[in-house]
Amino acid sequence: MKKLFYPALFHKAEEGGFWISFPDIPECLTQGDDMTQAYEMAVDALGLALVCREKEQRPLPTPSEPTAIALEPDSFLVVIEFDMLAYKKRTNSRAVKKTLSIPEWLNEAAINMNLNFSQILQEALLSKIQM
């Protein structure tokens with residue numbers, strides 16, 4: 001899965017820090033006490049919004065061109081980089097049991113080499129998923 005890039009508007013908050021909105025995802029709002037925290041919170045909020053849309057089988061919005069977004073007073077534009085696969089790994093690591101079949105000779109060879117079947121399957125699936 002490729003990285004996604006969504007523009008975010010960082011607004012200066014009256015009490016200090018920033019509040020963040022996403023023009024392409026109106027329901028996605030967050031805040032932070034400083035620029036570092038605001039950016040990290042924006043990444044997490046974007047991830048939650050996109051994963052929710054995915055679970056609801058709603059299409060992900062096409063990111064707007066940053067130059068097409070009108071800035072409001074006391075705001076500036078930041079493009080947020082988001083890696084869906086990394087976000088899912090970080091936030092949903094619950095294990096699920098899978099039953100599979102392999103040839104007997106392959107099973108015996110792997111057991112003789114003390115190979116970890118779960119780890120190998122995870123690595124193989126990740127290599128297929130990462131485009």
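**View 1. The lining of the largest pocket in this predicted model mixes nonpolar, polar and charged residues.** Sorted by residue class, the lining holds 17 nonpolar residues, six polar ones and six charged ones. In total 29 residues line the pocket, and the volume comes to about 1,200 Å³. If you would like a place to start looking, R94, V96, L121, Q122 and L125 are the lining residues that lie nearest the pocket centre. Helices α1, α2 (84-91), α3 (104-112) and α4 (117-129) are the elements that each give two or more residues to the lining. Of these, α4 supplies the largest share, with eight residues.

**View 2. Four strands build an open sheet with antiparallel pairing.** Reading across the sheet, the order is β3-β2-β1-β4. Strands β3 (29-32) and β4 (75-83) take the edge positions, and because each has a single partner strand, one side of each has no neighbour in the sheet. On average, and with direction ignored, neighbouring strands are turned by 30° against each other. Helix α1 (residues 35-55) packs on this sheet and touches β1, β2 (18-21), β3 and β4. The direction of α1 makes about 55° with that of β4.

**View 3. Strands β1 and β4 run antiparallel and are joined by nine bridges.** Strand β1 covers residues 3-12. Within this pairing, L4 stands opposite F82 of β4. Here you can also find a salt bridge between E81 and K3, whose closest N and O atoms are 2.8 Å apart. Since E81 belongs to β4 and K3 to β1, this pair ties together parts that are 78 residues apart in sequence. As a reminder, side chains of opposite charge can pair when their charged atoms come close. The model has four salt bridges by count.

**View 4. A hairpin links β1 and β2.** Five residues lie between the two strands, and G16 in the turn has a positive phi of about 105°. The strands pair in the antiparallel sense over four bridges. Two residue pairs help you find your way along the hairpin: K12 stands opposite F18 in β2, and F10 stands opposite I20 in β2. While you follow the strands, keep in mind that side chains in a regular strand alternate between the two faces of the sheet.

**View 5. Strand β2 also pairs with β3.** This antiparallel pairing has four bridges. A handy landmark is F18, whose bridge partner in β3 is G32. On the β1 side, F18 stands opposite K12, and F18 therefore links this view to the hairpin shown in View 4. Strand β3 itself stands at an edge of the sheet, with a single partner strand.

Technical notes. Residues numbered from 1 in each chain as written. Predicted model: local features only at pLDDT ≥ 70, side-chain atom pairs only at ≥ 80, totals over all residues. Heavy atoms only, no water. Pairing = 2+ DSSP bridges. Axes fitted to C-alpha atoms, helices over the stretch in contact; angles between N-to-C directions. Contact = heavy atoms within 4.5 Å. 1 Å grid on protein atoms, 1.4 Å probe; cavity = no way out; pocket = protein on both sides within 12 Å on 5 of 7 lines; lining within 4 Å. Points joined across faces, edges and corners; volume = space filled by probe spheres on them. Nonpolar A, V, L, I, M, F, W, Y, C, P; charged D, E, K, R; others polar. Salt bridge = Lys/Arg side-chain N within 4 Å of Asp/Glu carboxyl O.
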